[in-house]
Amino acid sequence: DTQHCLQAMERLQARLKEKGPDVPAEEKLNLLKTVLQSPLFHRILALQKSVQHLKENVRNNTLPMMHL
């Protein structure tokens with residue numbers, strides 16, 4: 001779940017700040033946080049789930065007669 005991941009990222013960010021400044025790590029975490037919050041990222045995840053669901057439906061609904 002992206003929301004849980006985002007919350008974990010925020011906790012990690014807070015711990016890193018406690019240990020001192022680490023600019024490259026902070027920048028990477030901010031970038032990852034931005035991606036996790038992106039509407040486009042959520043659309044991509046939804047599309048991936050839809051494709052997986054369609055594949056499962058095709059696999060489960062394939063009839064033996066179709067192999068003629």
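Colleague: Which side chains meet in a salt bridge here, K33 and which partner?

Modeller: Side chains of opposite charge can pair when their charged atoms come close. The rule asks for a side-chain nitrogen of Lys or Arg within 4 Å of a carboxyl oxygen of Asp or Glu. Here K33 and E10 satisfy it at 3.7 Å, N to O. K33 lies in helix α2 and E10 in helix α1 (residues 2–19), so the pair ties together parts that are 23 residues apart in sequence. The count comes to one salt bridge.

A word on the source: this is a predicted model, where local features need pLDDT of at least 70, side-chain atom pairs count only at pLDDT 80 or more, and totals for chains, interfaces and linings use all residues. Residues are numbered from 1 along each chain as its sequence is written, and side-chain values use heavy atoms, leaving out hydrogens and water.

Colleague: Is E10 buried or exposed?

Modeller: Buried means under 20% relative accessible area, exposed over 50%, and partly exposed in between (1.4 Å probe, protein chains only). E10, at 35%, is partly exposed, and K33 is also partly exposed, at 21%. L31 in helix α2 (residues 23–37) counts as exposed at 57%. Of the 68 residues, 10% count as buried.

Colleague: How many helices and strands are there?

Modeller: Both are DSSP runs, numbered from the N terminus: helices are H or I with at least four residues, strands E with at least two. The protein has three helices and zero strands, in the pattern α-α-α.
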